[in-house]
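Here is a friendly briefing on how this protein packs inside and where it leaves room. Have a look at the structure first, then read on.

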Amino acid sequence: MTSSLIQVGIPEILSAQLELTEPFYFIILMEQELHFSIDMVPYQSAAKSILFLSPFQLFSVKEKLAEDTKVLKFHGDFYCIEYHKDEVACNGLLFNNIYLQPHVALTQEAFQEITAIIDKIDHLKYSSASFDQAITKTYLQLILAIASKQKILTNKLSLPTISRKDPIDGFEQLLENEYKKHKSVSFYAEYYNLSSAAFTKKVKQRWGKSPSTLIQERIVLESKRLLHLTPKSIKEIAAELQYLDEFYFSRFFKKMTGVSPKVFREQVGLSIVAQKSML
């Protein structure tokens, strides 16, 4: 393998009753439709889809993955999606977006192209040439670019079916503005003059998740961002997220991700972005 920080076709991924949480980014290319859950939220992907997972997301599937499923995983030290955000706009589109589906339905052409690229990455493991790592990064970048383009096109096509008259369509921006200060569903329900039950029903119809799930996911997403992209201490991060108790924050983070903030930072590491900020 060109680097231990990128791997293709990990055997244990293909086992039945899979439960996965690791300090890697995952790309899973599926020819068959699949039922799975991420952070305890259920999803169903269509045939010929590609799925993207960020470090320490709780991915689980009870059915056995098809033998032709292709799995690619890479560490942030190998390819930092934040550092390369101007080259491939995948951060916030393919990875790290709580409002969008984590999977993308591909055209036949895109599916075949990504399949061929993953095979090329896999073949590089037999080469010891020093420039293979650069080639592998280029292949990875191409996969992300193809999938990003496909997801943008898919989202544009789905826009006409979404009502823009319901005031809760502005919930995304409200949550972005208020999630640090307000962590209860009742605050957001009252903002829209709705009962918590009515508000929850509307949010689930619109985003496929309950408002409490979206609030929790937004806090975890920002927690991961601060742990990975900044050198701030866990105490400082807890304070920034307006937790009065650092240990309460740590317990919440571990409940949501399966690991403590300390372990997350140790295993995922500080990104190139954070390291440059310390110079």
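**Pocket and cores**

The second largest pocket holds about 350 Å³ of space. A pocket here is an open set of points on a 1 Å grid over the protein atoms alone, where a 1.4 Å probe fits, with protein on both sides within 12 Å along at least five of seven lines; lining residues have an atom within 4 Å of a point. The volume is the space filled by probe spheres set on the points, which are joined across faces, edges and corners. This is a predicted model: local features need pLDDT of at least 70 and side-chain atom pairs pLDDT 80 or more, while totals for chains, interfaces and linings use all residues. Residues are numbered from 1 along each chain as its sequence is written, and side-chain values use heavy atoms, without hydrogens and water.

*Pocket lining*
- Of the 20 lining residues, Glu82, Asn91, Asn96, Leu221 and Arg225 lie nearest the pocket's centre.
- Helix α6 (a DSSP run of H or I, at least four residues, numbered from the N terminus) supplies the largest share of this lining, seven residues.

*Nonpolar cores*
- The largest core (buried, under 20% relative accessible area with a 1.4 Å probe, protein chains only; Ala, Val, Leu, Ile, Met, Phe, Trp, Tyr and Cys joined through side-chain atoms within 4.5 Å) has 34 residues, and Leu241 is among those touching the most other members.
- α6 also gives the most to this core, with seven residues.
- A second, separate core of 29 residues includes Tyr25, Val104, Ile117 and Leu140.

Terms used:
Buried < 20%, exposed > 50% of the residue type's maximum accessible area, 1.4 Å probe, protein only. Helix = DSSP H or I, 4+ residues; strand = E, 2+ residues; numbered from the N terminus.
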